[in-house]
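Please open the model in your viewer and keep the selection tool at hand, since each stop on this tour begins with something to select.

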Amino acid sequence: FVEHSEAPHRASWPRPSSTPTQKQPTSSSNFAKLAITMVIFFAIADLILLWASIDATIGNHEAGPEAGVHTLHEKVRTNDIHLQQLVNDLVKKQQQRQQHLQAKQQQQSLQRRMYVPVEKVKNIAKVEKVQNAETFGVDDHIVKILTAANIQLDEMLAEQLPTWDDIVSMYGEHPIILGLDTYQTYRDTVKPEDRMLGPAGIFNTGTNLLFELMKANCNIVEAKTSTTHREPKRNGMRFQPSWGKHNPPNYRNQHVAKFWGDGINQTAFFPVVMIKDFYSWAGSQCRHSYTSWWDHDAQHCPNLVNANDRPNRAAVRYGKHTQQYTSLLDLWNKYYQEWEEQTFPHLTTRYEDLLFHGEEVTRTACDCVGGVFTNNFGYVDGSAKENGLPITMVRMAW
């Protein structure tokens, strides 16, 4: 009984455990767990923000392994743009330097063309005193010019003529011929049988005199066989360019003159441009104004300014248009400025040089086109429009 009654009682007793007894967690351990959790949370948040920043930098490219490649390509494209811009800048600077160099070369060429004194021309006959002739004290240079023009010198004429020193003091000892650096291009590009030469220039500058002198003293031998042009003497010497000798140079290849103009290759023509001292030219304009006009009369000419001391406007009717100028001086300046700006082959010389150094000027022009110059140079008897060579000399010097 006792055993049966004690058995359940013993069974209800707690049995000893084979494992150690576990301790209850404390408050310090709970705080450590919370700190670790927060660190992990903030680390994850930082990673998320970093990823968002990278994704924004990449743009719309997909995230993933290719994101870094996209970024690299973007940097390469940016570098290419910068490199291309650098190349463009270098090219632009090089072009600017080239343009500056060309402008400088053109200016130097223009200066060479503007100031090319002819010191010597071979085979020019020396001035010799005319034998067995009375010179009345006139300088031998002037005597030779008058003799070549078949003009009889007398005492009355001798008293009116200037001295050679007077002429030299005004126009120099040697002629000035511009454009001597252009004739070789002409000879290289135009066949001998196609070559032509003639005068150009504004009115009253000696264009007719130059034509007569060239016609009488220069011969392009091959011109006789030309099929492109024909002159009365078949020597290539023409009265004017086929665009008109008084027209400005921009008429070249844009206009055909009514006289000696049809069927002519204008690029094969070699013009010799005549210019005259403005003071003398203005006086000639008063005598023959041609197709130019301005306010003046016989008692008041050239009448450059009006009663209000303002320049009198001038105008010229050219071949196909009328050009207005602020004054007669402006006409003279603008006309020859256009010629100075031309780059096609041509010469420019002064009427005064043709008058006082006719043989040297015409021989040089003839040589430029490959012509044969005469061994017996002679002036024409009086200039074509003026009242004769002696009167012209007096007007030029006084």
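In this predicted model, begin with the open sheet of three strands, whose order is β5-β6-β7 and whose pairing is antiparallel. Select residues 292–294 for β5 and 322–325 for β7, and you will have the two strands at the edges; each has a single partner strand, so one side of each is left without a neighbour in the sheet. From one strand to the next, the twist averages 20 degrees. As background, the strands of a sheet pair through backbone hydrogen bonds, and this can happen in a parallel or an antiparallel way.

Now add residues 314–317, which form strand β6, and look at how β6 and β7 pair in the antiparallel sense over four bridges. Which residue in β7 stands opposite alanine 315? Show both side chains and you will find that the residue is glutamine 324.

Next, follow the chain through the loop between β5 and β6, and stop at proline 302, which is found there. The peptide bond that joins cysteine 301 and proline 302 is cis, with omega at about 15 degrees. This is worth a pause because most peptide bonds are trans, and most residues other than glycine have a negative phi.

The second half of that background helps at the next stop, the loop between β3 (218–219) and β4 (269–275), where you can select arginine 234. Arginine 234 is a residue other than glycine, yet its phi is positive, near 50 degrees. Then select tryptophan 260, which also has its place in the loop between β3 and β4; although tryptophan 260 is not a glycine, its phi is positive, at about 65 degrees.

From here, move to helix α4 by selecting residues 140–148, and display the side chains of Ile142, Val143, Ile145, Leu146 and Ala148, which are buried. After α4 comes asparagine 150, and its phi is positive, near 60 degrees.

For the last stop, turn to helix α2, residues 27–58, and select isoleucine 36, which lies in this helix. Is isoleucine 36 buried or exposed? Its relative accessibility is 53%, and because a residue counts as exposed when this value is over 50%, isoleucine 36 counts as exposed. Finally, add Ile40 and Ile44 to the selection and switch on the surface, and you will see the nonpolar surface patch of about 290 Å² that Ile36, Ile40 and Ile44 make.

Conventions: Residues are numbered from 1 along each chain as its sequence is written. This is a predicted model: local features need pLDDT of at least 70, side-chain atom pairs count only at pLDDT 80 or more; totals for chains, interfaces and linings use all residues. Side-chain values use heavy atoms; hydrogens and water are left out. Buried means under 20% relative accessible area, exposed over 50%, partly exposed in between (1.4 Å probe, protein chains only). Two strands pair if DSSP finds at least two bridges between them. Axes are lines fitted to C-alpha atoms, for helices over the stretch in contact, and angles run from 0 to 180 degrees between N-to-C directions. Patches are made of residues with over 30% relative accessible area and no salt bridge: like charges are joined within 9 Å, nonpolar side chains (Val, Leu, Ile, Met, Phe, Trp, Tyr) within 5 Å. Accessible areas come from the Shrake-Rupley method with a 1.4 Å probe; for residues, only the protein chains shown count as cover. A salt bridge is a side-chain nitrogen of Lys or Arg within 4 Å of a carboxyl oxygen of Asp or Glu.
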